[in-house]
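Trainee: I'd like to practise reading strand pairing and domain layout. Can we go through an example together?

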Amino acid sequence: MKLCLAFLSLLLGVSSEKYRGKYVGKLNSYHHQVSGDVYAVDAYTLLITGFNYDGNGPDTFFWAGASNRPGPQGFIVPDEHGNTNILDRYFNRDFTLTLPDRKKITDINWFAIYDLYTQNAFGDVYIPEEFDPPSTQKISQFSKKANGVSSGSLELLDAKTITIPNLTYNGAGKDTYFWVGVGPQPSSKGYKVPDEYGYLEPLRLYNSETITLQLPGDLTVFDLDWLSIYNVETKENFGSVILPDNPNVPPSLAKIIPHKSTLPNCIQLHKDLQVSWEIFGPQITIQLAGQINENSYMSFGLSGSSEKAQMLGSDVAIAFIDGHRGYALDYNITANSPCVKVLGQYKGVCKDDLIGAIDNNQIHTFAREDEITYITYRRTLISSDPGDKEFKTEGISQLIWALGRLDANKEPAFHDTYPRGSTPIELGRKEPYQTCYSFTKTQSEPKDRWERPKIIDKSLRTFTATLGPSGGPHRGYPAITGMSSNGLAWYLNGLLIPEIWMKRGFTYAFRIFGGNNPHSAEFYNPFIITDEPHGGVERLSEAAQKQIRVLGGVQYTLRGQPRPTSAGPLCLARHKGVDRRLDDDFPTFRKFNKSLQVTCETGDPAILEVTPNSSWPDTVYYNSYTHSNMGWKIHIVDSFSASYSSSSQLGSFMFSTLQIIVLSTVPFLVQKAYITIFEKF
């Protein structure tokens with residue numbers, strides 16, 4: 001019965017009783033309608049619930065002390081906003097108060113609503129003797145069962161959060177997940193817990209890693225008896241830990257946002273994304289619900305492969321809200337790049353109506369509530385558009401999905417979150433899917449962007465330009481430039497989009513390895529220098545092109561049409577293998593860089609020579625001719641200041657920090673070091 005109730009609560013997004021922390025007591029009411037209940041959240045924090053006070057005290061504060069009873073020998077406790085103002089009126093309010101100066105609850109004997117002018121307590125509560133406030137609880141390690149599972153002692157950080165130190169698992173289980181439930185031991189009657197990145201896909205390999213899990217929906221440790229690494233297919237427990245009864249842990253500060261779909265089928269694709277659907281006649285109604293920012297999108301559709309999740313060849317809807325309008329636009333993905341025109345044809349992530357096809361999606365409803373975006377749209381199961389895929393009512397379909405940010409043109413930029421494995425679903429199954437649960441919203445700690453590299457060397461005349469991943473949205477290209485990214489960026493002399501300095505009147509050479517195959521939508525990136533920060537000249541209208549001054553990398557035909565001149569063979573850095581880690585997990589660019597390996601095609605680089613003169617602006621930009629937002633700034637100076645060449649500011653960067661696979665002998669790879677200055681903002 002406990003199992004049924006726990007998971008019914010999980011699926012419905014309701015909890016019979018919310019855990020608030022350790023109960024201290026009810027406020028004794030003496031004057032001014034004071035009432036409420038007091039809980040200890042942790043050693044330093046009180047939670048006041050259902051608090052009432054008429055606000056008529058002349059000099060009234062939250063007050064605490066260590067004397068035998070409330071009196072003037074005490075101290076002000078700042079209000080829920082951190083202020084020490086005279087208290088206003090409260091009506092049935094819930095809020096937390098933190099004791100000042102790192103004082104602990106065990107340091108006080110009472111908490112009161114106290115008036116200094118009249119020296120009267122309007123209400124108070126006494127701290128019980130030997131009171132033990134909630135705190136992080138250490139429990140046992142994973143039992144060693146199979147597939148190399150081991151760990152350090154797990155920690156219950158709060159009612160929903162579990163840290164697993166030094167987790168090891170060989171990743172060999174085909175259908176293996178973090179799994180929770182009730183009962184004396186792990187069993188198939190349990191439920192998936194999203195991994196540390198919010199994914200619900202089979203677990204990857206872990207090699208002595210410390211990770212943190214958050215229990216899904218309304219589930220807390222009080223609802224559960226065990227946590228396991230469990231193979232659902234074979235019903236085998238690879239390793240587990242028994243959770244203590246009623247642990248004295250802090251309540252979770254995560255906001256629970258109930259699941260709201262009214263359609264009969266709903267599956268949780270990721271911690272932050274749900275899809276619901278209903279098939280009626282020749283149509284399917286689809287609702288996407290995502291925990292995304294206002295300038296972000298959700299995408300969902302049918303995979304380009306019948307065997308796995310594959311973006312290439314997929315048929316997807318890009319859904320978002322812009323102002324007072326909702327969109328679910330029909331896209332086809334013919335290349336892993338933004339939509340570009342290749343030899344007269346559009347390739348990449350392109351709208352159907354742009355490539356002469358039919359937008360088969362009809363927007364039905366849209367809303368944004370409690371930071372969740374809801375988009376409902378309809379489409380026919382079988383489209384008259386030959387580029388669209390059929391939503392089959394029989395058999396297995398492979399789904400594809402992603403979350404990402406919109407660029408300045410409200411087009412999808414490179415996705416931040418996307419499936420690493422397959423999502424097979426029988427869309428027309430008679431027994432409906434219902435695996436959705438409440439969203440959880442937590443305050444994530446801000447991440448520092450990577451150091452901004454600068455190349456300032458008055459003797460340096462040659463730069464080598466290669467391609468690589470742009471880094472995560474909070475540390476890499478988007479954080480450094482403030483612009484969206486298409487997933488690739490220029491690396492100059494081995495550094496991600498460094499700012500470089502060049503002197504007027506001097507000639508500089510760029511050795512370019514940007515890909516010289518014009519048939520490739522993704523890897524054809526001629527190098528250009530312009531007076532604007534975005535690049536992607538080829539994607540612009542003729543009118544927009546005329547507003548840009550191209551300073552290098554383009555020649556013009558007799559008709560005034562731009563033609564790129566500087567591409568070169570492709571030299572590309574990629575992540576080693578497939579890893580679920582996020583680029584933002586790397587605290588520095590150097591550590592990120594060590595996770596990459598470089599592959600280079602045969603051939604000599606393209607050479608672009610430029611000589612900045614007095615007509616050049618003080619700031620110009622290097623970028624790609626075909627794709628926008630891949631490069632950054634070039635500073636044009638009349639002279640190098642003494643501080644630029646100060647030896648105390650110089651560092652070096654070695655190409656040896658990359659593991660390089662050389663498909664041909666590429667001369668620049670033997671270059672040893674470049675003079676570099678780093679500035680951290």
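Trainee: In which sense do strand β12 and β15 pair, and over how many bridges?

Mentor: Keep in mind that this is a predicted model. Strand β12 covers residues 161–169, and its pairing with β15 is antiparallel, over six bridges. For one bridge to look at, take Thr163, whose partner in β15 is Thr212.

Trainee: What order do the strands take in that open sheet?

Mentor: The order is β10-β11-β12-β15, four strands with antiparallel pairing. At the edges sit β10 (137–138) and β15 (206–214), each of which pairs on one side only.

Trainee: Let's turn to β38. Why is strand β38 described as largely enclosed?

Mentor: Buried here means under 20% relative accessible area. In β38 (residues 499–503), four of the five residues are buried, so the rest of the structure largely encloses the strand.

Trainee: Which strands pair with β38?

Mentor: Strand β34 (residues 452–455) pairs with β38 in the parallel sense over two bridges, and Ile455 has Ile500 of β38 as its bridge partner. Strand β48 (residues 633–637) also pairs with β38 in the parallel sense, over four bridges. There, Met502 stands opposite Ile636 of β48.

Trainee: And how is the chain divided into domains?

Mentor: Into domain 1 (22–126), domain 2 (137–242), domain 3 (265–441) and domain 4 (454–637). The centres of domain 1 and domain 3, taken over C-alpha atoms, are 51 Å apart.

Trainee: What does the UniProt annotation cover?

Mentor: The unreviewed UniProt entry gives "domain: DOMON" for residues 271–404. Over residues 271–404 the chain is 55% strand and 0% helix, with 15 Å between the end C-alpha atoms.

Conventions
Residues are numbered from 1 along each chain as its sequence is written. This is a predicted model: local features need pLDDT of at least 70, side-chain atom pairs count only at pLDDT 80 or more; totals for chains, interfaces and linings use all residues. Side-chain values use heavy atoms; hydrogens and water are left out. UniProt positions are given in the numbering used here, feature names are shortened, and annotations may be inferred rather than shown by experiment. Domain bounds come from an automatic or database domain assignment. Two strands pair if DSSP finds at least two bridges between them. Buried means under 20% relative accessible area, exposed over 50%, partly exposed in between (1.4 Å probe, protein chains only).
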